[in-house]
Amino acid sequence: MLARRATPMYLVSDLDEARSNYEALGFEPKPTNDDGCLGVIAGSTSVILLDREYAERPLPARAIALLEEKPALYIWVESLDSMRAELQARFLGEANMAGLREWAVESPLGLMVLAETSRAN
């Protein structure tokens with residue numbers, strides 16, 4: 001699997017409060033086109049914040065349960081299909097959100113959401 005970058009992803013109970021807390025630390029909000037999902041950035045560090053309503057749209061129930069326990073890792077990869085055989089994780093489901101193809105997987109490290117960044121059209 002050729003990972004391009006990874007970002008921690010947190011499930012938050014109040015997106016506005018979480019945004020304010022990160023802004024107080026010097027992070028800048030990076031709004032998305034989806035209510036309930038917000039990125040925050042400080043330098044080269046970013047964090048993805050999700051509220052429950054948003055998370056329940058693309059993620060299966062098992063992924064939500066894992067995300068409630070601890071943050072997940074959102075990983076951009078070159079190709080989901082080419083790394084399927086190498087994946088040492090339990091496949092939980094696939095979604096297509098914001099123009100990305102995403103897989104939710106349960107690994108020994110916890111929940112990971114893999115997002116395909118390039119694919120042949």
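Buried denotes a relative accessible area under 20%, exposed over 50%, and partly exposed anything in between (1.4 Å probe, protein chains only). The structure is a predicted model, in which local features need pLDDT of at least 70, side-chain atom pairs count only at pLDDT 80 or more, and totals for chains, interfaces and linings use all residues. Residues are numbered from 1 along each chain as its sequence is written, and side-chain values use heavy atoms, with hydrogens and water left out.

**Exercise 1.** Classify the pair Tyr22 and Phe27 and the burial of both residues.

*Solution.* Rings of Phe, Tyr and Trp (its six-membered ring) pair if their centres lie within 6.5 Å; planes under 30 degrees apart are stacked, over 60 edge-to-face, and the rest tilted. A search of the whole structure yields three aromatic pairs. In one of them, Tyr22 and Phe27 lie 5.1 Å centre to centre with 85° between the planes, hence edge-to-face. Tyr22 is buried because its relative accessibility is 19%. Phe27, at 15%, is likewise buried.

**Exercise 2.** Analyse the pair Phe91 and Trp103.

*Solution.* The centres are 5.5 Å apart and the planes meet at 90°, an edge-to-face arrangement. Phe91 belongs to strand β6 (residues 90-97) and Trp103 to strand β7 (residues 100-107), twelve residues apart, so the pair links distant parts of the chain. Strands are DSSP runs (E, at least two residues), numbered from the N terminus. Phe91 is partly exposed at 39%, whereas Trp103 is buried at 0%.

**Exercise 3.** Describe the surroundings of Ser107.

*Solution.* Ser107 is located in strand β7. Its relative accessibility is 12%, so Ser107 is buried. Beyond neighbours within four places in sequence, Ser107 contacts (heavy atoms within 4.5 Å) Gln88, Ala89 and Met112.

Note on methods:
Helices (H or I, at least four residues) and strands (E, at least two) are DSSP runs, numbered from the N terminus.
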